[in-house]
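Colleague: I should be grateful for a close look at one part of this model, taken from its centre of packing outwards. Please keep to what can be read from the coordinates.

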Amino acid sequence: GGFMNSPISNASNFILHMSDFHLTDNKNDIERASAALDALADKLRSEHIKVDYLLHTGDIINSGDLYDQIASELECCKNFLNTNESGTCQNTSKKFDASRFEKEASIEEKEEFNKKLRELTTKRFEKAVGVIKHFVSRLNISLGNVVICCGNHDTLRPFFVSDVPARCEQSNGEIHYECNRE
């Protein structure tokens, strides 16, 4: 008896909820994620479970390491690394002092950083799209039945590069934003 031993009705609709893949651009990371999702697809198929909807609730990519990665690659960021007297990075969770960079870096340095940030984020999302599309095709889910929500690690956070502050005004019940981000 019980629910787990009862046959699954073909009339049931199944929603697969996933989150927190935290994919990077590391080849091993992508391969592990793909292998795990392939194993899940195989298990669902062996149990005769047809997933009708896929809901991913955020953190498809990992952006937590991007600032440190970019800072270690760009010459303009070297002065903003948390180092000791000998120039070795201190053993802290964050090697890059983003707050100090925000305050002290030039507009050109911030633009260079932001460009690299866009490139790396795009690269990670392109790899993640490949992983997700492969999984969705293995499950034979219509793309119209896939919902992906952004999490905090899926958000691009570039440095502000203008001296003109952003303005937010409300008139006639509508909110208007004006921001100079050339």
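Which residues of the largest nonpolar core touch the most other members?

Modeller: The model is a predicted one, and what follows should be read accordingly. The largest nonpolar core holds 21 residues, and those that touch the most other members are L16, M18, L23, L54, F135, L139 and I141. Three elements, β1 (15–18), α1 (27–46) and α4 (107–139), each supply at least two residues of this core. The largest share, six residues, comes from α4.

L139 illustrates how the parts meet. Apart from its neighbours within four places in sequence, L139 is in contact with L16, A41, L44, K50 and V51. There is also a second, separate core, which has 15 residues and includes L66, I70, A71 and F113.

The helix that supplies the largest share of the first core can be checked for its length. α4 has 33 residues, and at 1.5 Å a residue it should span 48 Å; the C-alpha atoms at its ends are 47 Å apart, so the expected and computed spans agree. After α4 comes N140, which has a positive phi near 55°.

The sheet may be taken next. It is open, with three strands in the order β1-β2-β3 and parallel pairing. β1 and β3 (146–148) are the edge strands, each pairing on one side only. From one strand to the next the twist averages 10°. Four bridges join β1 to β2 in the parallel sense, and in this region I15 stands opposite Y53 of β2. Between β2 (residues 53–56) and β3 there are three bridges, again with parallel pairing. L54 has V146 of β3 as its bridge partner.

In a regular strand, side chains alternate between the two faces of the sheet. β2 shows this alternation: L54 and H56 point to one face and are buried, whereas Y53 and L55 point to the other face and are not buried. L54 is thus described twice over, as a buried residue of β2 and as one of the core residues that touch the most other members.

Helix α2 (residues 66–73) has as its buried residues L66, D68, I70 and A71. Among these, L66, I70 and A71 belong to the second core. An α-helix has 3.6 residues a turn, so residues three or four places apart point the same way. The cover over the buried residues of α2 includes α4.

Two individual positions complete the picture. T24 lies in the loop between β1 and α1. Its relative accessible area is 13%, which is under the 20% limit, so T24 counts as buried. The side chain of T24 reaches the backbone nitrogen of N26 at 3.1 Å. Leaving out neighbours within four places in sequence, T24 is in contact with D29, I30, N62, R124 and K127.

D42, by contrast in position, belongs to helix α1. With a relative accessible area of 42%, D42 falls between the limits of 20% and 50% and is therefore partly exposed. D42 and R138 are separated by 96 residues in sequence, yet their C-alpha atoms are 8.6 Å apart in space.

How values were computed:
Residues are numbered from 1 along each chain as its sequence is written. This is a predicted model: local features need pLDDT of at least 70, side-chain atom pairs count only at pLDDT 80 or more; totals for chains, interfaces and linings use all residues. Side-chain values use heavy atoms; hydrogens and water are left out. A nonpolar core is a set of buried Ala, Val, Leu, Ile, Met, Phe, Trp, Tyr and Cys residues joined through side-chain atoms within 4.5 Å. Buried means under 20% relative accessible area, exposed over 50%, partly exposed in between (1.4 Å probe, protein chains only). Contact means heavy atoms within 4.5 Å. The expected span of a helix is 1.5 Å times one less than its number of residues. A polar contact is a pair of N or O atoms within 3.5 Å; within protein, one must be able to donate a hydrogen and the other to accept it, and residues adjacent in sequence count only if both atoms are side-chain atoms. Two strands pair if DSSP finds at least two bridges between them. Axes are lines fitted to C-alpha atoms, for helices over the stretch in contact, and angles run from 0 to 180 degrees between N-to-C directions.
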